[in-house]
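Work through the exercises below with the sequence and the structure at hand. Each one sets a task and then solves it in steps.

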Amino acid sequence: MAKTLDLVPVGEWGFFTLPRPMVIAGPCSAETEEQVMETARGLNEFGIHVFRAGIWKPRTHPGCFEGIGTEGLKWLQKVKKTYGMKVCTEIASEKHAYECIKYGIDMVWLGARTTANPFLVQEIADALRDTDIPVLVKNPVNPDLDLWIGALERLNRAGVKKLGVIHRGFSTSEKQAYRNDPGWKIAIELRTRYPELPFFADPSHMGGKREYLLELSQRAMDLGLEGLMIESHCNPAAALSDAGQQLTPDGLRNLLECGLKVRDNDSDSEAYREGIVQLRAQIDIIDENLLYSFASRMGVSKKIGQYKKEHNIAILQTSRWDSILAAMRERGAAYGLSDEFITTVFTAIHEESVRKQNEILEA
Ligand code: PEP
Ligand code: MN
């Protein structure tokens with residue numbers, strides 16, 4: 001059972017205006033005062049209220065632009081003063097945390113490489129103790145849900161109650177179109193365990209290219225996530241980091257206002273409610289039947305276990321299992337069920353079945 005987090009609802013942070021999505025936008029990196037101010041102006045013009053800019057940049061290779069450093073915090077202060085926007089940046093150490101507190105940064109986030117390091121997360125959590133700064137935690141680079149949750153717990157234990165998450169996908173050695181594997185399954189699992197945690201997607205780092213931003217943002221909205229963090233630069237082609245994935249403020253406006261379709265999470269309409277209640281009743285009956293079928297199947301598994309025991313036969317016969325799985329995948333495809341789904345479900349059924357047979361053997 002998941003431990004609960006002690007949270008202040010995002011509606012009380014004073015950062016975002018509904019309806020969805022809550023948007024955080026701004027350049028990958030703060031580069032110059034002009035670039036920061038020009039980008040903020042463009043974003044503010046169409047109602048973006050939360051501005052991001054990387055001040056310290058975790059780059060893969062040394063010698064790349066590693067961020068402007070503390071100097072850039074003054075530019076964020078200027079954005080705040082000039083446009084009344086909230087400003088946020090990534091922190092990766094205790095020193096960064098203290099600098100942000102000193103310069104009145106409104107919100108911070110932990111990058112994927114930091115979330116993967118419990119020592120750093122603890123150091124940052126201790127530095128932020130007794131402050132009221134909201135913290136967003138990106139998923140760790142590797143698809144490890146517990147590591148992600150552990151980071152949230154460390155911050156929460158240090159008294160950080162304005163907490164949220166950003167899903168930016170997972171590093172992968174497999175060749176694929178996106179820069180990072182969206183691995184939505186893990187995000188959905190986290191959402192299910194902590195539905196009250198404000199949830200942002202970062203389609204910029206997930207996709208790595210402008211052309212993927214709309215489809216990934218749409219997916220995030222369709223999953224019911226609350227927000228998007230998207231990189232935007234006044235002149236993306238000249239960006240010192242992540243040039244291929246940044247949008248101009250106009251491009252972002254176009255994506256949000258013309259491309260993205262945001263469906264409601266719920267509706268007050270009587271007709272909708274009646275329809276959904278009926279459909280859900282059908283699902284409940286089918287689920288009950290599924291349970292009954294699982295239980296019946298396990299009953300037969302136990303009998304098989306008993307039978308094998310009497311005849312001194314080993315429980316696991318991989319060739320039999322291989323042929324069941326192959327048959328189910330083929331039959332499943334005919335019903336329009338995906339290979340991944342069938343494999344996951346039948347692997348789980350098979351594992352439980354082997355457990356049941358083992359119980360009989362050991363009895
Ligand atoms: C960023 O948001 O600029 C960044 C470096 O992100 P990530 O930690 O997802 O790589
Ligand atoms: Mn970036």
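**Exercise 1.** Find which spacing along the chain the donors of the manganese ion (ligand 2) follow, and which residues they are.

Solution. The model is a predicted one. Step 1: the spacing to look for is C-x176-H-x25-E-x10-D. Step 2: the protein donors that belong to it are Cys28 through SG, His205 through NE2, Glu231 through OE and Asp242 through OD. Step 3: these donors lie 2.0 to 2.4 Å from the manganese ion. Step 4: place two of them in the fold. His205 is part of helix H8 (residues 203-207), while Asp242 sits in the loop between strand E8 (227-231) and helix H10 (249-259), so this pair ties together parts that are 37 residues apart in sequence.

**Exercise 2.** Examine the backbone at Asp242 and at the bond from Arg20 to Pro21: what is phi in one case, and is the peptide bond cis or trans in the other?

Solution. Step 1: Asp242, in the loop between E8 and H10, has phi near 50°. That value is positive, in a residue other than glycine. Step 2: the peptide bond leading from Arg20 to Pro21 is cis, and its omega is near -15°. Step 3: Pro21 belongs to the segment before strand E1 (22-26).

**Exercise 3.** Describe the barrel: how many strands does it have, and in what order do they run?

Solution. Step 1: eight strands form a closed barrel in the order E1-E2-E3-E4-E5-E6-E7-E8, and their pairing is parallel. Step 2: from one strand to the next, the twist averages 25°. Step 3: take one pair as an example. Strand E5 (residues 135-138) pairs with strand E6 (residues 163-167) in the parallel sense, over four bridges. In this pair Val135 of E5 is opposite Leu163 in E6. Step 4: add a helix. H6 packs on the sheet and touches strand E4 (107-110), E5, E6 and strand E7 (199-201). The direction of H6 makes about 155° with that of E6.

**Exercise 4.** Helix H6 (residues 145-157) packs with helix H7 (residues 184-193), and its axis also crosses that of helix H5 (residues 118-128). Classify both packings by angle and by contact residues.

Solution. Step 1: H6 and H7 pack at about 40°, with their axes 10 Å apart. That angle makes H6 oblique to H7. Their crossing is right-handed. Step 2: the contact comes from Leu145, Asp146, Trp148 and Ile149 on H6, and from Ile186, Glu189, Leu190 and Arg193 on H7. Sorted by class, five of these residues are nonpolar, none is polar and three are charged.

Step 3: the axes of H5 and H6 come within 8 Å and cross at roughly 25°. H5 is therefore roughly parallel to H6, the limit for that class being under 35 degrees. This crossing, too, is right-handed. Step 4: H5 contributes Pro118, Val121, Gln122, Ala125 and Leu128, and H6 contributes Leu147, Ala151, Arg154 and Leu155. The contact of H5 with H6 has seven nonpolar residues, one polar and one charged.

**Exercise 5.** State at what angle the axes of helix H1 (residues 33-45) and helix H2 (residues 71-83) cross, and which residues make the contact.

Solution. Step 1: the two axes cross at roughly 35° and come within 10 Å. The crossing of H1 and H2 is right-handed. Step 2: on H1 the contact residues are Glu33, Val36, Met37, Ala40, Arg41 and Asn44, and on H2 they are Trp75, Lys78, Val79, Thr82 and Tyr83. Step 3: the contact divides into six nonpolar, two polar and three charged residues.

Methods:
Residues numbered from 1 in each chain as written. Chains lettered and ligands numbered in written order. Predicted model: local features only at pLDDT ≥ 70, side-chain atom pairs only at ≥ 80, totals over all residues. Heavy atoms only, no water. Axes fitted to C-alpha atoms, helices over the stretch in contact; angles between N-to-C directions. Helix = DSSP H or I, 4+ residues; strand = E, 2+ residues; numbered from the N terminus. Parallel < 35°, antiparallel > 145°, perpendicular 65-115°, else oblique. Left-handed = near helix turned anticlockwise from the far one by under 90°. Contact = heavy atoms within 4.5 Å. Nonpolar A, V, L, I, M, F, W, Y, C, P; charged D, E, K, R; others polar. Pairing = 2+ DSSP bridges. Donors = N, O, S within 2.8 Å, 3.2 Å for Na, K, Ca; no water.
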